[in-house]
Protein chains: 2
Amino acid sequence: MQSREDKKRQTRKSLMDAALTLTGNGVNFSTISLREVAKNAGVVPTSFYRHFTDMEELGLNIVDDLGLILRKLMRAARQKNDYLDTLAQQSIEVYADFVCENMNYFYFMAQVRGGGTLVLRNAIRNEIKFIANELASDLRPISTFEKASDSDLALVSLLIVEAVFDTTIDLLDQIQTSPQQQQAYVENTLKKLRLIWLGASAWHSP
Amino acid sequence: MQSREDKKRQTRKSLMDAALTLTGNGVNFSTISLREVAKNAGVVPTSFYRHFTDMEELGLNIVDDLGLILRKLMRAARQKNDYLDTLAQQSIEVYADFVCENMNYFYFMAQVRGGGTLVLRNAIRNEIKFIANELASDLRPISTFEKASDSDLALVSLLIVEAVFDTTIDLLDQIQTSPQQQQAYVENTLKKLRLIWLGASAWHSP
DNA sequence: TAACTTAGTGAACACTTGTACACCAATTGA
DNA sequence: TCAATTGGTGTACAAGTGTTCACTAAGTTA
């Protein structure tokens, strides 16, 4: 037996999952119709309005959900280690694994990052900045960044997060064609991060 | 008076321009209908098929066109200078100016990079790699990269190009809200490139 | 138990979509 | 000059779209 609220939450999740399944199947979020989402969620089209006013609102909720999960995941991955290089490696591995097990979410993100409505694009930008800020505050105590200014540290963090996040579509497409290529992506991205970190260490020494 | 081929080329361009105008107005390329493109191009829907089989094929042609223009532009921008820092600065300024004057193209690119069909995504990936390769061969003679291996240099170049290209949507959205923010983007991106370049210089010195 | 609230239903609407088909008119090539 | 080629036209169709409205049935509250 389930309460009325539980049932509502359930169909609400069904609607969001339906949208994610569709994006994961290669359908662009912007082209997904309210009706198709409703059908895949096992509900009649008009029911959609009981949960969201819009496909955009549904999209915003997906961004929020993933943003929350992602921040928790990455913070946890970082707190295991404090030696920078293994920290970076483990973070990327954790990220790549999570991407592989939640591909639908990241196809959605890749699509919307550059192709959603302005509202949705801003929502994703905020998540990226949020994650970068958390990275910055985790990097702050590390000796390499002792003398770095706040704004410099913020820039380094943003560059790192963007370098990972904005190329996630490449990881996704690689996995689809040959799943064992995940490791190649990890190594490649790790090299990029080493480069950035190396640059950051040299930043304020003439 | 114009030949038959010229007329065909002209409407072909009208169709592509119509699609670009729509993407520039915030409409996602995936949602743009063949009919709407035809209408905006001043042609009847069925005429579309005389030029493209598909909206995807039209998109591929846009990618090709911009890719060609962009490679020329960036090579030219680089050949003016060989001191790395001013080279980077001028390149980004040239790029940002070009983006501002051809916003439609770059909204299209930002949308399709992560949200187009697999075929379109791969087309853009190839252009990015192409541009990165050209950058690599221009960087090769510079003293900073004398001792760098080919694959390391390729990685640096790819990171640079991605750092610029994948955040172009941020530039576009900033311009829309406050045009004078273009300079802020240039400075921010320039800092990122300095960081990367600094990392690259330190890459093989323990 | 009775009244109220509300998630989900189903029919209807005006509109847009991609594509097939027969057709026209003008440039092209012999 | 005459026939062939071909870019553009107009009609038609089945299918899908967002949103409206009155409705039902079941959980909630008093």
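In this predicted model, 17 residues surround DNA strand C, and those that come nearest are Arg4(A), Arg50(A), Arg4(B), Ser33(B) and Arg35(B). Both protein chains are thus represented in this group, with Arg4 appearing from chain A and again from chain B. Sorted by class, the surface near DNA strand C holds 7 polar, 6 charged and 4 nonpolar residues. Seen from the nucleic acid side, 47% of the strand C atoms within 4 Å of the protein belong to sugar or phosphate, and the rest belong to bases.

Several contacts reach the phosphates of strand C. The side chain of His51(A) places a polar atom 2.6 Å from a phosphate oxygen of this strand. Lys8(A) also takes part through its side chain, where an N or O atom is 3.2 Å from a phosphate oxygen of DNA strand C. From chain B, Leu34(B) contributes through its backbone: one of its polar backbone atoms is 2.9 Å from a phosphate oxygen of strand C. At the level of secondary structure, the elements giving two or more residues to this surface are helix H1 (4–24) of chain A and helix H2 (34–40) of chain B. H1(A) gives the most, with 3 residues.

Attention now turns to DNA strand D. Here 18 residues lie around the strand, and Ser33(A), Arg35(A), Arg4(B), Arg50(B) and His51(B) come nearest. The class breakdown of the surface near DNA strand D is 5 nonpolar, 7 polar and 6 charged residues. Of the strand D atoms found within 4 Å of the protein, 48% are sugar or phosphate atoms, with bases supplying the rest.

The polar contacts described for strand D involve bases as well as a phosphate. An N or O atom in the side chain of Arg4(A) is 2.9 Å from a base nitrogen of DNA strand D, while the side chain of Thr46(B) has an N or O atom 3.1 Å from a base oxygen of that strand. On the backbone of the DNA, a phosphate oxygen of strand D is 2.8 Å from an N or O atom in the side chain of Tyr49(A). Helix H2 (34–40) of chain A and helix H1 (4–24) of chain B each supply at least two residues of the surface near DNA strand D. H1(B) gives the most to this surface, with 3 residues.

Definitions and conventions:
Residues numbered from 1 in each chain as written. Chains lettered and ligands numbered in written order. Predicted model: local features only at pLDDT ≥ 70, side-chain atom pairs only at ≥ 80, totals over all residues. Heavy atoms only, no water. Near = heavy atom within 4 Å. Polar contact = N/O pair within 3.5 Å; in protein donor to acceptor, adjacent residues only side chain to side chain. Helix = DSSP H or I, 4+ residues; strand = E, 2+ residues; numbered from the N terminus. Nonpolar A, V, L, I, M, F, W, Y, C, P; charged D, E, K, R; others polar.
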